[in-house]
Amino acid sequence: MVKLLNIIMQRCTDYFLIYYKSVIRNSNEFYVIHFTLFLLIIPFIGCEKVKTLDQKKNAETFLSKIEKTPVTATAYFQLSDSLYKISKQINYKRGIAKALTMKGRYFSLKEEYDKAFDEFYKAVNVSKQANELNELGDTYYSIGSTYSKLKKRDEALAALKQAVEVRTKSNDSVGLGTALNFIGYIYWQISDYDNAVFYFEKALKIRNKLPSKEFRATTYNNLGTVFFNWTLYDKALDAYLHSLELNREIGNNGGIAVCLCNIGLVYKETTQNEKAIEYYRESLPYALSSKQSQNIGYVYSCLGAAFSLLNNDSSIIYLEKSLESYKAGNFADGQALALQGIGNYYFDLKDLTTSKTYFFQMLDLSLKQNIPMRIAQAYKFLGKIFLLENNLPAAKKYFEKSVEIAEKSTLKLILIDSYESLSEIYERTGELDKAFSALKQHNNYSRQIENDGMQKRLLDLKNKSEYEKYQRSLQAQKYQNEMQIIYLRVTVIAIFILIIVALILYRLHSKSKKVNLLLQEKNFLIEGQSKEINLKNVELLELNEAKEKLFSIIAHDLRSPFNTLINFGTILKEDYYDLSDEERLGFINGLEETAIKTHELVENLLNLSAAHSGRISFNPDKVNIAQVTDKIINFVISQANKKEIKLLNTNDNSAVAFADQAMVEIILRNLLNNAIKYCNTGGQIEVSSNKVDHKLCISVQDDGIGMDEFTKANIFNINVIRSKKGTGGEKGTGLGLGLCKEFVEKHGGSIWVESELEKGSKFVFTLPSEEQEL
């Protein structure tokens, strides 16, 4: 109501201004009376128009709601009739045309074709009067579709071509592509393959620009079928594969099934039957899931034809299933195809009577549906049957009819077979001229099939060459037209680019300096890291060698003393009473000595292992070297006495180091043991110390056998030095001195040796003399 009042007020305002100006300019009685009357009637002006606008809007809303209603819906006719009445009442032309077209589709579905065409042509007249091109295109398409159902293909083509013309004017790309594809399909039905390809390719050109993959897939498949009928199997396969890919992308199971079957047909015709069967079998689940009788029947038909070549009993089962599916879907062309397959099956079994029955059924159905290719095929097979039955007149009759129809549709494969059989019949009936002519035609069409593939390729190349030439010509012309504009712009752009490039180069130069400096720093850092890594690698190698050394010692040097302990124990146990006291004491001394040596070995191994793994405790404190030396001398005095070696401690109480006492004891014990081992009988060993700066130098000196330069250089490396026997035949492992080096370096000190052969050796190591960070 508010909206209505607003419109009325607007109209009142407009008219009031016009008439007011007239009254002011012409202040006579006529205009005053006229103006007064206008004021009285103005509220009623426009009311009817507003009502009409609202009704039109309601009609448009109603149309948009029912437009997508399927024609099979129960309420379809009632909805279209309601739309017609509403549109008629307000003279809404588009609604009237749409309603009439919908009624026509309904009557077409009900096979009331006269009523359908009556409604369609009413819709055409309304659309033309109102210049409603979209509705006109839809109506022509519906007329073409209905004529196609009636097998009136010339009328169907005429209507569809009118739909193409109208949809071209209205820029309806979707409708145009659909109409062109339908025209191509009808030409294919009547075996006019040249026109079929022409319209399919036009449809594909338009559909390639549209988003719908389903439309493109359909047209690719249709093109493939024409190429297949032309025996251009490579091009057919390419088109089928394009269609298959698109159908897979959109999940169209029915389309996938058809494409797989068509690919199988290509392999079948190129004598790859096993490969064909693989594709047919792959297609069956897709066809069944689509629940479309036409697709299911097609797959069964292909499987039946393939298995018939293998003389397999499965063939007739699939062919009969195919016929059932086509009948369920009321698809006449498919039924003809299935009947042909069953007829072929019985023909191969030499059951000519049953075969003839099926081919006559195929012929009757194809004649009713006006399917030229199927009619020609049926005549050909009936001719073959009568020829085998030696009924030459009947065979001749059917072959001649087959040739007549195949010639019109250029069905070359049928013509090859039919002319060959006719040649044989004419020869047998004495019509030699006709026999020769038929044989000549047979050879002619055989050569054509061989050459068609090459000619089509040459034509494609020619068309492509001409198109490319045309494109180059257009490009050259465009180039000439734009040269002046480009020339004017180039200078400005070039200057602008040069300025930008100069700025960029300047910034890059500045940045490159910084980058170079950064790279130099990085390289220096990398070199340092590389050296550090190399050092670590060397250390790791040494550690690995040390580990292998430890394992060697454990395997060899520990086994020997344990064998000694076992042997001495066994002798004491078994011969205890046969041995004298002196002998028993000797064995017990041997056990003690071996146990001590083994204990020292194990202790060194454990200490060395702990030092390498970092598990050894380190607690530095003030250590009196003189006291520690006395303690160690008391520990090794028994070994020295056996060789009558004199041990001297010349340290005084002022010799104090800041160190871990346990480690110092191990260092001194190992150095003294080493000195005793290589000191001659009656020799002397001295332990002394002196302070240098903030370090305490401690030395262990003997007058033993000394060592050569190689031994001196590698004495602390357990991976190189193997321990030699001492002057009293003592055995060692070489671990002790390596352990001494580890512990000294742990304190931040160093250890070295001074020695000459036959003059003795002096081991010196340093320890911190006062507290410091270690």
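A residue is called exposed when its relative accessible area is over 50% and buried when that area is under 20%, with partly exposed in between. Keep those cut-offs at hand during this tour, which goes through a predicted model.

**The whole chain**

Begin with the protein chain in a cartoon view, where the secondary structure comes to 28 helices and seven strands. Colouring by burial would mark 42% of the 774 residues as buried. The accessible surface comes to about 44,200 Å², and 54% of that area belongs to carbon and sulfur atoms. Among the contacts between residues at least 6 apart in sequence, 61% join residues that are at least 24 apart.

**A nonpolar patch on the surface**

Select Leu505, which you will find in helix α22, the element that spans residues 432-556. Leu505 has a relative accessibility of 53%, and it therefore counts as exposed. Now extend the selection to Ile493, Phe496, Ile497, Ile500, Val501, Ile504 and Leu508, which together with Leu505 make a nonpolar surface patch of about 710 Å².

**The nonpolar cores**

Turn next to the interior and select Ile143, Val226, Tyr280 and Tyr298, the residues that touch the most other members of the largest nonpolar core, a set of 121 residues. A second core, separate from that one, holds 40 residues, including Ala659, Ile666, Leu672 and Cys679. Going back to Val226 and leaving out residues up to four places away in sequence, you can display its contacts with Trp188, Tyr193, Ala196, Val197 and Phe200.

Ser301 makes a useful next stop, placed in helix α15, which covers residues 293-309. Its relative accessibility is 6%, so Ser301 counts as buried. With residues up to four places away in sequence again set aside, Ser301 touches Tyr318, Leu319, Ser322, Tyr326 and Leu337.

**Salt bridges**

The model contains 23 salt bridges. Select Lys98 and Asp138, whose side chains meet in one of them, with an N to O distance of 3.6 Å. This pair links distant parts of the chain, since Lys98 sits in helix α5 (residues 93-109) and Asp138 in helix α7 (residues 133-149), 40 residues apart. Lys98 and Asp138 are both buried.

Move on to Arg167 and Asp172, another pair whose side chains meet in a salt bridge, here at 3.7 Å from N to O. The two partners should be inspected separately: Arg167 counts as buried because its relative accessibility is 6%, whereas Asp172, with a relative accessible area of 21%, is partly exposed. If you then add Arg94 and Glu135 to Lys98, Asp138, Arg167 and Asp172, the selection shows six residues linked in a network of salt bridges.

For a further example, select Glu269 together with Lys268; the closest N and O atoms of this salt bridge are 3.7 Å apart. Glu269 is partly exposed, with a relative accessible area of 34%.

**Two loops with positive phi**

Most residues other than glycine have a negative phi. Against that background, select Thr231, which has a positive phi of about 65° although it is not a glycine. Thr231 lies in the loop between α11 (213-229) and α12 (233-250), and it is buried, with a relative accessible area of 13%.

Lys350 also has a positive phi, near 65°, and is likewise a residue other than glycine. Its place is in the loop between α17 (332-348) and α18 (352-369). Is Lys350 buried or exposed? At 61% relative accessibility, Lys350 counts as exposed.

**Strands β4, β5 and β7**

For the last stop, select strand β5, residues 695-702, which is mostly covered, with six of its eight residues buried. Strand β4, residues 684-692, pairs with β5 in the antiparallel sense over eight bridges. Within this pairing, look for Asn690, which stands opposite Cys697 in β5. The hairpin of β4 and β5 has two residues between the strands, and Asp693 takes a positive phi near 55° there.

Finally, add strand β7, residues 760-768, which runs antiparallel to β5 and is joined to it by seven bridges. To see one facing pair, display Gln701 and Lys762, since Gln701 stands opposite Lys762 in β7.

Definitions and conventions:
Residues numbered from 1 in each chain as written. Predicted model: local features only at pLDDT ≥ 70, side-chain atom pairs only at ≥ 80, totals over all residues. Heavy atoms only, no water. Buried < 20%, exposed > 50% of the residue type's maximum accessible area, 1.4 Å probe, protein only. Helix = DSSP H or I, 4+ residues; strand = E, 2+ residues; numbered from the N terminus. Pairing = 2+ DSSP bridges. Core = buried A, V, L, I, M, F, W, Y, C linked by side-chain atoms within 4.5 Å. Contact = heavy atoms within 4.5 Å. Patch = residues over 30% accessible without salt bridge, like charges linked within 9 Å, V, L, I, M, F, W, Y side chains within 5 Å. Areas by Shrake-Rupley, 256 points an atom, 1.4 Å probe, with all protein chains shown as cover. Salt bridge = Lys/Arg side-chain N within 4 Å of Asp/Glu carboxyl O.
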